[in-house]
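Grab a pencil and have a go at these exercises. Try each task on your own before you read the solution under it.

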Amino acid sequence: MRVLACVLGALLLVSGCSSSKDAVASGTEFVFVSPGGKTDITYDGADRKQLPEVSGPSLMDDTRISLSSYRGKVVVLNIWGQWCGPCRAEAPQLQQVQDRYPDQVQVVGIDVRDNQRDAAQDFMRDRGLTYPSIYDPPGKSLIVLKGYPRAIVPATFVLDKQGRVAAAFMRDLLAEDLTPLVDRLIAESATN
């Protein structure tokens, strides 16, 4: 009897997990999944899902930053903090991407876990960073990134011109890591 109960339990477990539709593939909204713990994930064509609106107060002034206002451009969304060593090395690389594609790409940061706004502002000024950043010490704006492990900093999401996630990187990046992807997204959008 015990063996029969174990077999039935195993069958229920397997049938519950073998659904042909999963929420990531069938939904219209982006849900972060890192298969096998990958740190670089790309999404092509129909696999791209819309990123919900990300917005928040600007780090540098009293304006509000909304990703939707950059539709029509490739967006490089970077989660960072001035306290984070890899973020400090990565920031000038992101500025290079912004400078290389001023009319076609918009780099946007989300500054998290920086409770001293002036320290983060000094970081931006001292490095000559001109791209905007949302100031979000508690990381509330990241709630829309369903499935994203919010403890990972730095992280970068690259959105196509329609605001769909084309890539996610759970590590610090060099400009040369982003350039081939950005070039492809710019060309792809021009042909659609």
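Below are six exercises, each with a worked solution.

This is a predicted model, so local features need pLDDT of at least 70 and side-chain atom pairs count only at pLDDT 80 or more, while totals for chains, interfaces and linings use all residues. Residues are numbered from 1 along each chain as its sequence is written, and side-chain values use heavy atoms, with hydrogens and water left out.

**Exercise 1: The overall plan**

Task: Work out how many helices and strands the protein chain has, and what percentage of its residues count as buried.

Solution:
- Start with the elements: helices (H or I, at least four residues) and strands (E, at least two) are DSSP runs, numbered from the N terminus. The protein chain has five helices and eight strands.
- Next, the burial: buried means under 20% relative accessible area, exposed means over 50%, and partly exposed is in between (1.4 Å probe, protein chains only). By that rule, 44% of the 192 residues in the protein chain are buried.
- Then look at contacts, meaning heavy atoms within 4.5 Å. Take those between residues at least 6 apart in sequence: 68% of them join residues at least 24 apart.

**Exercise 2: One helix, two sides**

Task: Find which residues of α4 are buried and which exposed residues sit on the face turned away from them.

Solution:
- List the buried ones first: in helix α4 (residues 117-126) they are Ala120, Gln121, Phe123 and Met124.
- Now look down the helix axis. The buried residues of α4 fall within an arc of 155°, so they line one face of the helix; the arc is that of the directions from the helix axis to the C-beta atoms.
- Here's a handy rule: an α-helix has 3.6 residues a turn, so residues three or four places apart point the same way.
- Flip to the face turned away from the buried side, and you meet the exposed residues Arg125 and Asp126.
- What do the buried residues of α4 pack against? Their partners are β4 (74-80), α3 (85-100), β5 (105-111) and β6 (133-135).
- Finally, step past the helix: α4 is followed by Gly128, which has a positive phi near 65°.

**Exercise 3: A loop residue that meets the helix**

Task: Place Met60 in the chain and name its contacts beyond four places in sequence.

Solution:
- Met60 belongs to the loop between β2 (55-57) and β3 (64-66).
- With a relative accessible area of 33%, Met60 is partly exposed.
- Leave aside neighbours within four places in sequence, and Met60 is in contact with Gln121, Met124 and Arg125.
- Sequence and space tell separate stories here: Met60 and Tyr135 are 75 residues apart in sequence and 8.3 Å apart in space, C-alpha to C-alpha.

**Exercise 4: A covered strand**

Task: Decide how many residues of β5 are buried and which way β4 and β5 run.

Solution:
- Count the residues of β5: seven of its seven are buried.
- Sort them by face. Val105, Val107, Gly109 and Asp111 are on one side, with Gln106, Val108 and Ile110 on the other.
- Check the pairing, where two strands pair if DSSP finds at least two bridges between them. β4 and β5 run parallel and are joined by seven bridges; Asn78, for instance, has Gly109 in β5 as its bridge partner.

**Exercise 5: The neighbours of β8**

Task: Find which strands pair with β8.

Solution:
- Five of the five residues of strand β8 (residues 165-169) are buried, so β8 is largely enclosed by the rest of the structure.
- One partner is strand β1 (residues 40-42), antiparallel to β8 over three bridges, with Asp40 opposite Phe169.
- Another is β7, also antiparallel, joined to β8 by four bridges. Here Leu159 stands opposite Val165.
- The hairpin of β7 and β8 has five residues between the strands, and Gly163 in this hairpin takes a positive phi near 85°.

**Exercise 6: Two backbone details**

Task: Find which peptide bond is cis at Pro154 and what the phi of Arg113 is.

Solution:
- The bond from Val153 to Pro154 is cis, with omega near 5°. Pro154 sits in the loop between β6 and β7 (155-159).
- Arg113 has a positive phi near 60°, though this residue is not a glycine. Look for Arg113 in the loop between β5 and α4, where Arg113 is partly exposed at a relative accessible area of 40%.
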